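Visitor: Could you walk me through this protein? I'd like the fold first and the core after that.
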Amino acid sequence: KANEGLVDWVGPDAGALYCVRLKPEIFDDAAVGRFYDALVDEDVRVGNGTWFGAEARIFRLGFGFLSMPDLETALKGLSAAMGRAARKAA
């Protein structure tokens, strides 16, 4: 809920994986680039949409086998990256 103003959920055409889309009204192309740069700074990895035939504004989250503390840290880093990219766009 904390980031609902920044992202949309993208349902799958097939399969069971949902993706996340950075809202275009908040993230122009430059902001999308800043988002991916900020993810590196936060040591967070996501699946860039260009890897699976979508636009870069879309990404996949993978929770893998993270412990709950590590998952919480990763989600906080993801939120921080979105916030930094969106603020610079404004």
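A few questions and answers follow.

Guide: Before we start: this is a predicted model, where local features need pLDDT of at least 70, side-chain atom pairs count only at pLDDT 80 or more, and totals for chains, interfaces and linings use all residues. Residues are numbered from 1 along each chain as its sequence is written, and side-chain values use heavy atoms, with hydrogens and water left out.

Visitor: In what order do the elements run from the N terminus on?

Guide: Helices (H or I, at least four residues) and strands (E, at least two) are DSSP runs, numbered from the N terminus. The protein has two helices and four strands. Read from the N terminus, the order is β-β-α-β-β-α.

Visitor: What radius of gyration does the protein have?

Guide: The radius is taken over C-alpha atoms, and the globule rule is 2.2 Å times the number of residues to the power 0.38. For 90 residues, a compact globule would come out near 12 Å, which agrees with the protein's 13 Å.

Visitor: Which element gives the largest share of the largest nonpolar core?

Guide: Such a core is a set of buried (under 20% relative accessible area, 1.4 Å probe, protein chains only) Ala, Val, Leu, Ile, Met, Phe, Trp, Tyr and Cys residues joined through side-chain atoms within 4.5 Å. The largest one has 19 residues, and Phe-27 and Phe-35 are among those with the most contacts inside it. Strand S2 (19-22), helix H1 (29-42) and helix H2 (68-89) each give two or more residues. The largest share, six residues, comes from H1.

Note on methods: Buried means under 20% relative accessible area, exposed over 50%, partly exposed in between (1.4 Å probe, protein chains only).
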